[in-house]
Amino acid sequence: MQEFEQSDAIKRLPDQFFAKLGKKVQAMIDEGHDVINLGQGNPDLPTSDHIVKALQKAAENPVNHKYSPFQGFPYFKEAVADFYKREYNVDLDPETEVALMFGSKIGLFEVSQSLLNPGDTALVPNPGYPDYLSGVALAGAQPELMPLLEENGFLPDYNNLSKEMLEKAKMMFLNYPNNPTAGVATKEFFDETVALAKQHDFCVVHDFAYGAIGFDGVKQPSFLSSEGAKDVGIEMYTLSKTYNMAGWRVAFAVGNPSVIQTINLLQDHLFTSLFGAIQEAATVAISGDLSYVEKLVDIYEDRRNVLIESLNDIGWKVSAPKGTFFAWFKVPEGYTSREFADLLLDKAQVVVADGSGFGSLGEGYVRLGLLDSEERLKEAAERIGKLNLF
Ligand SMILES: Cc1ncc(COP(=O)(O)O)c(C=O)c1O
């Protein structure tokens, strides 16, 4: 069998961290272990019944059996504009300022393809969601890493980025509430970001994947709520987390019309649009009474409280995340992140994500997902406690 050589673009892709972790966990499950998997970001609860019913009904409509119109059905884009007005008081033109996407993971690649040339640079958070780097690499561009440090609340310190770096950058990725650190942003931080982007003429891509998941009654700000944000950037919003719809593959990008139209142009060549029935069901998800989203956030907040209390009980002194469904904890002294994550997997059958998989500054931390029941989170803490590490 002939083996065909991969293109240079494919060779540039970094290792896929989550795919590797998934294989390791599956091997343990196959060996018959009762594994508590807090390592991934896959919501454990089902999509709300009223959204599933909307999909079932829409799937019976022959209109949806055809190719959907390029760039999607106007009703979905109008619902997105209504959603942003209602939730964030942001005005959007559904025709020119909304792009529908098959999940934000692909959207992150699309925006890099849309704006970056070989040799360009993009500012990328360290630690950060790994796909920012993948998209930049596929476009042949270079990442410039922005440190996210605990002492700065895991926000980049713009005063510490060099002038050359800012001048050269064509794009900046941000993500708040943040994966993996669970750090949160304020409107003031986004105001500062808009001013910086205007000064240095780069495009801000704010990944708002966990936008709805803020705790202790604090609503997380949209980047687009800052004055002038639309002049300098876009925001990506996925239904995966807020609505437990990760398997459905539906998200949207909103904001700067030149960027949105470039993403749409690229998509005209890659796809027609999402399955019409998914567009109908997603419209139902983001419209009307959203109290079921509040209930979901309450569930994560209760799980967070149980996890923090149980870990503090076993002597692992950790503080409570303010948003996302992740917790980002320092590993005990004497261990690297990898060693500690391996120890928990081998000796307690508890999966946590090795922080170094999110970048060099993730070393010294592990990420735990609040993606199992309160009982299982308690049990995970008990199993870790039995190892007498703290
Ligand atoms: C920060 C962040 N961005 C984007 C995504 C991708 O989400 P999706 O492709 O399901 O919209 C994820 C998923 O885990 C994420 O954590």
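**Aromatic cluster, cores and pockets of the predicted model**

In this predicted model, ring pairs join Phe76, Phe83, Tyr84, Tyr88, Phe208, Tyr237 and Phe252 into a cluster. The structure as a whole holds 32 aromatic pairs. Within the cluster, Phe83 and Tyr237 form an edge-to-face pair, with 5.2 Å from centre to centre and 75° between the planes. This pair links distant parts of the chain, since Phe83 belongs to helix α4 and Tyr237 to strand β7 (residues 233-238), 154 residues apart. Phe83 counts as buried because its relative accessibility is 2%, and Tyr237 likewise counts as buried at 2%. A further pair, between Tyr84 and Tyr88, is tilted, with a centre-to-centre distance of 5.3 Å and an angle of 50° between the planes. Tyr84 and Tyr88 are 4 residues apart in helix α4 and are therefore separated by about one helical turn. In general, an α-helix has 3.6 residues a turn, so residues three or four places apart point the same way. Tyr84 is buried, with a relative accessible area of 0%, and Tyr88 also counts as buried, at 10% relative accessibility.

The largest nonpolar core comprises 91 residues, and those with the most contacts inside it are Tyr84, Tyr243 and Phe252. Helix α4 (residues 74-88) gives the most to this core, contributing 7 residues. A second, separate core of 33 residues includes Ile213, Tyr300, Leu370 and Leu377. When residues up to four places away in sequence are not counted, Tyr243 touches Thr47, Phe83, Tyr237, Ala285, Ile286, Leu290, Tyr292 and Val293; its contacts thus include both Phe83 and Tyr237, which form the edge-to-face pair described above. Asn244 is found in the loop between α10 and β8 (251-255), and has a positive phi of about 50° although it is not a glycine. Asn244 is buried, with a relative accessible area of 11%.

Helix α6 is largely enclosed by the rest of the structure, because 6 of its 8 residues are buried. The buried residues of α6 are Asp131, Tyr132, Ser134, Gly135, Val136 and Ala137, and they pack against α1 (8-12), α5, β3, β4 (142-147), β5 (169-174) and β6 (203-207). Gly140, which follows α6, has a positive phi near 80°.

Helix α6 (131-138) also supplies at least two residues of the lining of the largest pocket, as do α2 (17-30), α5 (104-115), β3 (121-126) and α14 (337-348). This pocket has a volume of about 630 Å³ and is lined by 33 residues, of which Asp15, Gln16, Phe17, Ser356 and Gly357 lie nearest its centre. By class, its lining divides into 17 nonpolar, 8 polar and 8 charged residues. The second largest pocket holds about 530 Å³ of space and is lined by 25 residues, with Gly41, Lys105, Tyr129, Tyr210 and Lys241 nearest its centre. At least two residues of this second lining come from each of α2, α5, α6 and α10 (239-242), and the largest share, 3 residues, is supplied by α5. The lining of the second largest pocket has 10 nonpolar, 9 polar and 6 charged residues.

Two cis peptide bonds were identified in the loop between β5 and α8 (187-200), where both Pro177 and Pro180 lie. The bond from Tyr176 to Pro177 is cis, with omega near -10°, and a cis bond also joins Asn179 and Pro180, with omega about 15°.

Gln349 lies in the loop between α14 and β10 (350-351), where its phi is near 55°, a positive value in a residue other than glycine. At 17% relative accessibility, Gln349 counts as buried, because the cut-off for this class is under 20%. Gln349 is one of the residues touched by Arg383, along with Asp34, Ile36, Ala348, Val350 and Arg376, when residues up to four places away in sequence are not counted. Arg383 itself lies in helix α15 (residues 374-385), and is buried, with a relative accessible area of 15%.

Terms used. Residues numbered from 1 in each chain as written. Predicted model: local features only at pLDDT ≥ 70, side-chain atom pairs only at ≥ 80, totals over all residues. Heavy atoms only, no water. 1 Å grid on protein atoms, 1.4 Å probe; cavity = no way out; pocket = protein on both sides within 12 Å on 5 of 7 lines; lining within 4 Å. Points joined across faces, edges and corners; volume = space filled by probe spheres on them. Nonpolar A, V, L, I, M, F, W, Y, C, P; charged D, E, K, R; others polar. Core = buried A, V, L, I, M, F, W, Y, C linked by side-chain atoms within 4.5 Å. Buried < 20%, exposed > 50% of the residue type's maximum accessible area, 1.4 Å probe, protein only. Contact = heavy atoms within 4.5 Å. Phe/Tyr/Trp six-rings, centres within 6.5 Å; stacked < 30°, edge-to-face > 60°.
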